[in-house]
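Reader: Please explain on what grounds the descriptive terms are applied to this model.

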Amino acid sequence: MKKYPLWKLIIVFALLSMSLQGCLGLGGGDTNYKSVTTGKNGDVKINSQQAAFQGKIYFTLNRNLYMLDGKNKEHLMQLTKGMDVRDPAVSPNGKFIAFTIHYKDYSDLAYMPTSGGKPTIIATGYGKFTPNGASVLSTYHWFAQPAWDPDNEHIYFLGDNQKHYWDPAIVGNYDADILDLQVFKMSIHAKKLVTVDDMESAQAVAYTSIGAGGLRDPMYRPGHANQLVYTSYKYTPPDWSRLAIQINIIDTNAIQNSIKQDPNPYNPKYHPGVYGGEYDPGVALTPEKADLTNMQPAFSPDGNTLIYVRREDATHMSLYTMPVVNGVTSDPNNPAFDPNNAANTKKGLSDYGQSTKLMTGQYISQPVWSPDGSQIVYYDYHDNIFDLWLAKIVKNPKTGAYSIDKNSITQLTQTNGNLDADSRAAWSR
């Protein structure tokens, strides 16, 4: 057997190691990734060779907003600087992007052209702390997760707008600030929300179970009038200590119409509440069950399918799709329609059993459909770091069920911990 000098073996192993790194996408030897900017934790790289997509993807790095164009992946466009930007959402016409700007004690709701520029603040949470007997009254407010109406002129958002509004007798004798975020709606052309009266007069869209975490993930249903989906958090009986996290759908005007029919603030039909005392026109699409978590819903472009996240256990989360039932939020032919009746509640849950698992990961999250419905982008967690990933999503023409083309799963970014994975990405044409 022929023997080789030790120095030759060292060179061979070094070359083999570099080759494997390139093939597996590990280390700095991967030529598929190009450095496009530098963050607090080092270089941010884009998989410019393998990750193919159409349109523009918006996301935040170190709380700065960026845009990545599928036609020019080697140049990442920075849209904001020096602001703590979160939760970007692009208008349906692609002209504007809404987001929140965070500060120490409050946040602002803003939008600007998708090409960049000075943000327009439409609601400011700035306030003050005022002594109030033995406690302190805060007029600061928090806003989060804006979502656009299809008219490109109204924004749905999470806010604590009514934290001082409710009579304790109405909300289950809860005699404190309601800090849980609820869903509201406002026009981008309306008077800026500044004062307490401004905040409380914003149109309420969905109410919460107080003290459980509020509402999250609002998103308008494309192609279906006046329907919004969102995630709710609530404690469950009998001891009210275990959480149920579920996905709901609601008529965006149901609460407002109820107030118009009976404007008496001391006897509202719908309201937040504690210990199951809330009453809301939202209809559950996933079961209310202790320790069951279904969240982060996102509609397909036609509005007929949801992709969402289900927590499997403490270390595993999965992406699922499910069809969306129609006719549970309202009935234009029935003025007496009650979304909370038993038959409608059962109908709302009827498609949950058709959910299809797409993939599982440790902390897989925040899925978003491409504008043409052929791909998804999502966050996945590897080596203690979140990154953006792409995958093709395929619909079975016979069954209508979706699946992931496993050969298409591609890591889009190497962000070295600079990616803000608590803010869902946005994808536009």
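The exchange below sets computed values against the definitions of the terms.

Author: This is a predicted model, in which local features need pLDDT of at least 70, side-chain atom pairs count only at pLDDT 80 or more, and totals for chains, interfaces and linings use all residues. Residues are numbered from 1 along each chain as its sequence is written, and side-chain values use heavy atoms, with hydrogens and water left out.

Reader: Why is His102 called buried?

Author: Buried means under 20% relative accessible area, exposed over 50%, and partly exposed in between (1.4 Å probe, protein chains only). His102 has 18% relative accessibility and therefore counts as buried. His102 belongs to strand S7 (residues 96-102); strands (E, at least two residues) and helices (H or I, at least four) are DSSP runs, numbered from the N terminus.

Reader: Which residues is His102 in contact with, leaving aside its neighbours within four places in sequence?

Author: They are Asp84, Arg86, Ser107, Trp142 and Phe143, where contact means heavy atoms within 4.5 Å.

Reader: What makes Arg63 and Asp84 a salt bridge?

Author: The term requires a side-chain nitrogen of Lys or Arg within 4 Å of a carboxyl oxygen of Asp or Glu. In this pair the closest N and O atoms are 3.8 Å apart, so the criterion is met. Arg63 lies in the loop between strands S3 (56-61) and S4 (64-69), and Asp84 in the loop between strands S5 (77-78) and S6 (85-90), so the bridge ties together parts that are 21 residues apart in sequence. Both residues also take part in a network of salt bridges with Arg86, Asp420 and Asp422.

Reader: Are Arg63 and Asp84 buried or partly exposed?

Author: Arg63 counts as buried because its relative accessibility is 18%, whereas Asp84, at 22%, counts as partly exposed.

Reader: What makes Lys234 and Glu278 a salt bridge?

Author: Their side chains meet at 3.4 Å, N to O, so the pair satisfies the definition. Lys234 lies in strand S17 (residues 227-236) and Glu278 in the loop between helix H3 (254-261) and strand S19 (283-284), so parts 44 residues apart in sequence are tied together. Lys234 is buried at 15% relative accessibility, and Glu278 is buried at 16%. Lys234 also forms a salt bridge with Glu288 (3.5 Å, N to O); Glu288 is partly exposed, with a relative accessible area of 44%.

Reader: How do you know that S1 and S2 pair?

Author: Two strands pair if DSSP finds at least two bridges between them. S1 and strand S2 (residues 42-47) have six bridges, in the antiparallel sense, and therefore pair.
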